[in-house]
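Trainee: I am new to this structure and would be grateful for a close look at its interior. Please describe the enclosed space first, and then go on to what surrounds and fills the rest of the inside.

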Amino acid sequence: MKRVSYIFPTSHHYRKPFHEKLRLLLAERNVDYRVVYCDPKAENIKKNDTVDIDWGVKVGTKTLPFGLEYQCGFREALKSDMVIVQQENKLVLNYMLNILSMLGAKRLAYFGHGRNFQSRNPSGLSERWKRLWATKVNWWFGYTEETRRHVVSLGFPSDNITVFNNSVDTSQLRGQVERITPERLQVLRAELGLAGRNVGVFVGGIYPDKRMAFLIEACERIRSRIPDFELLVVGGGADLPVIEALAKSRPWVRVLGPRFGVEKVELMMLGHVFMMPGLMGLAILDAAVVGLPIATTRYPWHSPEIAYLDVDRNGVMVDEWENSQAYADAVSGILVDAAVQQSMAAEARAMADRYSIERMAENFAAGVLRALDA
């Protein structure tokens, strides 16, 4: 039995179903899949978004000078026929494995975007360093086709790239949606004191790239046109105190902290539009499963999953990304037009049907088998 180890810093809550399904798929093909991870960092503890994997291997981590970090997973790597690591400049273990790969002593794959989509300086040293090492592996597992295009542009062979189409567990989410009754939603509305029939929902990590002050400014403008508009904010992170402070003088904003599973889905189902004017990533699929039209802006630093947005079909993307009035107008346009809202909701659900943890795991498993045979 061949062994494949995925060594990464943090075990995120939303990734566990993917690892479980991938493990089963690979076991059917006589491949032992292991995950090797470390204890969460302070920022992840704030978000409350990590989970242990009982069949995984937890290793220590060492903080080094210059912001570098060493995951103590070298022994696990040596026991593996192939190692998959996240493409991050700060991870010292990666470079050790890069060198072994270049010497033909270890089969290594990168899991990542190909570049930092949030970099404010794409021509800077950090991104140039990332490009230098991007081709020093045997295989690539890319989030979307954008990753393939970028990595191929660096001279890496397209045939050695697996695009897995990053996803959340949309099947589980869909099942949760189907089990939530109108009566339960009515009770929840009463518990939250929601009085209006126009509710915006934000669900995700709360940190500067999410632009919470901009969101509230736009919501103020929406309320000037739609007086019963209310906002639910679900999530945690470094800027949670920011949104809590903004909500104190605005009783129509409910800040509910991190929620997961059915709790999160119930809250989303109270909404009529999903509002994320800043960085958009996998949250786009959460919104789509629930059938929420998606409202974002052409923010320059979105994550690659923004490719799933079909502008003016399952949502809107405001070109003037720094203009809160333009964003407010776009959201208001969805809320006041029932036909548009219903059409976008249907298109959002259809989009979510195309992406799933099952397909993601199947794509990834096929890539692992090809990489082992290459």
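Mentor: A definition is needed at the outset: Ala, Val, Leu, Ile, Met, Phe, Trp, Tyr, Cys and Pro count as nonpolar, Asp, Glu, Lys and Arg as charged, and the others, Gly among them, as polar. The model is a predicted one. A search of the whole structure yields 1 cavity of 30 Å³ or more, and the space in this largest cavity is about 50 Å³. Its lining is formed by Gln87, Glu88, Asn89, Tyr95, Tyr110, Lys130, Trp133 and Ala134. By class, these lining residues comprise 4 nonpolar, 2 polar and 2 charged.

From the enclosed space we may turn to an open one. The second largest pocket holds about 350 Å³ of space. Its lining has 16 residues, and those nearest the centre of the pocket are Met269, Gly271, His272, Leu292 and Arg349. Helix H14, residues 338-353, supplies the largest share of this lining, with 5 residues. The lining of the second largest pocket divides into 8 nonpolar, 5 polar and 3 charged residues.

Next comes the packing of the interior. In soluble globular proteins, nonpolar side chains tend to be buried together. Here the largest nonpolar core contains 70 residues, and Phe229, Leu231, Phe274 and Met275 have the most contacts inside it. Leaving aside residues up to four places away in sequence, Met275 touches a set of residues including Gly200, Val201, Phe202, Leu215, Phe229, Leu231 and Tyr327. Another core, of 29 residues, lies apart from the largest one, and among its members are Val4, Ile53, Phe164 and Leu372.

Helix H11, residues 261-269, offers a further view of buried residues: Lys264, Val265, Glu266, Leu267 and Met268 are the buried ones in this helix. Their cover includes helices H7 (170-179), H8 (182-192) and H12 (283-290), together with strands E10 (198-203), E11 (229-234) and E13 (273-275).

Finally, the cysteines deserve attention. A disulfide is a covalent bond between the sulfur atoms of two cysteines. The count of disulfides in this model is 0. For Cys38, the closest cysteine sulfur is that of Cys72, and because the two sulfurs are 7.2 Å apart, they are too far from each other for a bond. Cys72 is likewise in no disulfide. As to their surroundings, Cys38 is buried, with a relative accessible area of 2%, whereas Cys72 is partly exposed, with a relative accessible area of 30%.

Terms used. Residues are numbered from 1 along each chain as its sequence is written. This is a predicted model: local features need pLDDT of at least 70, side-chain atom pairs count only at pLDDT 80 or more; totals for chains, interfaces and linings use all residues. Side-chain values use heavy atoms; hydrogens and water are left out. On a 1 Å grid over the protein atoms alone, a cavity is a set of points where a 1.4 Å probe fits but cannot get out, and a pocket is an open set with protein on both sides within 12 Å along at least five of seven lines; lining residues have an atom within 4 Å of a point. Grid points are joined across faces, edges and corners, and a volume is the space filled by probe spheres set on the points. A nonpolar core is a set of buried Ala, Val, Leu, Ile, Met, Phe, Trp, Tyr and Cys residues joined through side-chain atoms within 4.5 Å. Buried means under 20% relative accessible area, exposed over 50%, partly exposed in between (1.4 Å probe, protein chains only). Contact means heavy atoms within 4.5 Å. Helices (H or I, at least four residues) and strands (E, at least two) are DSSP runs, numbered from the N terminus. A disulfide is a pair of cysteine sulfur atoms within 2.5 Å.
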